[in-house]
Amino acid sequence: PLDLDLLLNTFLGSRWHRLLGRWELRPLPGVTHTFSPYAGITRRGLLSDGVAVPVLAGTTLDVPSDETNWGGRDELSVRAAPWLRMLFGAEHHATLSTVQLIPGAELFDIEVPEGTPTAVRASAASVAAYGELQLGPMAGLVVTPAARLELSTLRFDEVEGLPYYGGTASSTVDNLTFDPRLSARYQVVPSFTVKSAVGLYHQRPRVQSAAYDTDGHSLLSPEAVHLIGGFETRLTELLSLDAQVYGVKRLHLTRERARLYSSMLSAPPISAAGSF
């Protein structure tokens, strides 16, 4: 029989629960140390990334996946002068989950060839260090250069020892990225401020996408160059306006091979030998 909870969560996106902590210490004037750990669980559904076209075409991407999440942030803020604020921090994030390799197999009771692996265990982690300098306000101008250095890993272990990754664990992502960023604000008059920002951003490839990569080479982290401009103004005592435009150029995007799979028209995207 069809699992109603499984069906509903396939289309309802994500459900998540988090336990958050926060410890703040002010050892000296202008100095703030903040430590924020967290732990929780996440259930991701088909529409968690806003993908509806495969459903309308009569196919499915994935069944919901349950994740265990934990991590934290340790941050130090120093106000060295009225015009200078320094921020330094470190982050760690980790996720454990099971990835379904045959899209829709559990939900629609799809038969797969004997010996074909249907799931892998995924463990994802990232460690990052970041910092920024806030220069200003000086004559109405605030300039904030920033940078972030991050190491991301994504490891897969076969469920039941089936030969999808050659019988051993495989890491398809092992990337060190560096993201420089710069933002600026200028107060033209007390009621009107213009602002702009430019920066480089990286993120780890989606677990579902990376699970199908079996060529032995690590995937590149998708990156994007952001350019933003806008203004803020106070129209009345009770009404303000904040407007901005932005442009994004994306590079190194991963292709979701599971989206090419139709249970009605094609064979499973993997075979017992691990090729597809």
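Me: What is a salt bridge, and which residue forms one with Arg85?
Reply: A salt bridge is a side-chain nitrogen of Lys or Arg within 4 Å of a carboxyl oxygen of Asp or Glu. In this predicted model, the closest N and O atoms of the pair in question are 3.5 Å apart, and the pair links distant parts of the chain, with Arg85 in strand S5 and its partner in strand S6, 47 residues apart. The residue that forms the salt bridge with Arg85 is Glu132.

Me: How many helices and how many strands does the chain have?
Reply: The chain has 276 residues, and buried residues make up 37% of them. Among contacts between residues at least 6 apart in sequence, 62% join residues at least 24 apart. As for the elements themselves, the chain has 4 helices and 11 strands.

Me: How many bridges join strand S5 to S6?
Reply: Strand S5 covers residues 84-100 and runs antiparallel to S6. One of the pairings involves Thr98, whose bridge partner in S6 is Arg121. The number of bridges that join S5 to S6 is 17.

Me: Which residue in the turn between S6 and S7 has a positive phi?
Reply: S6 and S7 pair in the antiparallel sense over 15 bridges, and in S7 the bridge partner of Ala122 is Phe156. These strands form a hairpin with 2 residues between them, and a positive phi of about 55° is found in the turn at Ala139.

Me: Which strand gives the most to the largest nonpolar core?
Reply: The largest nonpolar core has 13 residues, of which Val99, Leu154, Phe156 and Ala211 touch the most other members. Strand S6 (119-138), strand S7 (141-158) and helix H4 (207-210) each supply at least two residues of this core. With 3 residues, the strand that gives the most is S6.

Me: Is Glu91, which meets Arg73 in a salt bridge, buried or exposed?
Reply: The side chains of Glu91 and Arg73 meet at 2.3 Å, N to O, and the pair links distant parts of the chain, Glu91 lying in strand S5 and Arg73 in strand S4, 18 residues apart. Arg73 is partly exposed, with a relative accessible area of 38%. Because its relative accessibility is 7%, under the 20% limit, Glu91 counts as buried.

Me: Which residues are linked with Arg73 and Glu91 in a network of salt bridges?
Reply: The structure holds 10 salt bridges, and one of them is formed by the side chains of Glu91 and Arg73. The residues linked with this pair in a network are Arg148 and Glu150.

Me: Why does Lys195 count as buried, although its side chain meets Asp242 in a salt bridge?
Reply: The side chains of Lys195 and Asp242 meet at 2.8 Å, N to O, and they link strand S9 (residues 192-202) with strand S11 (residues 240-251), the two residues being 47 apart. Asp242 is partly exposed, with a relative accessible area of 49%. Lys195 counts as buried because buried means under 20% relative accessible area, and the value for Lys195 is 17%.

Me: Which strand gives the most to the nonpolar patch on the surface?
Reply: Leu141, Tyr186, Val188, Val189 and Val194 form the patch, with about 370 Å² of accessible area together. Val188 is partly exposed, with a relative accessible area of 45%. The strand that gives the most to the patch covers residues 170-189 and supplies 3 residues, and this strand is S8.

Terms used. Residues numbered from 1 in each chain as written. Predicted model: local features only at pLDDT ≥ 70, side-chain atom pairs only at ≥ 80, totals over all residues. Heavy atoms only, no water. Core = buried A, V, L, I, M, F, W, Y, C linked by side-chain atoms within 4.5 Å. Buried < 20%, exposed > 50% of the residue type's maximum accessible area, 1.4 Å probe, protein only. Patch = residues over 30% accessible without salt bridge, like charges linked within 9 Å, V, L, I, M, F, W, Y side chains within 5 Å. Areas by Shrake-Rupley, 256 points an atom, 1.4 Å probe, with all protein chains shown as cover. Pairing = 2+ DSSP bridges. Contact = heavy atoms within 4.5 Å.
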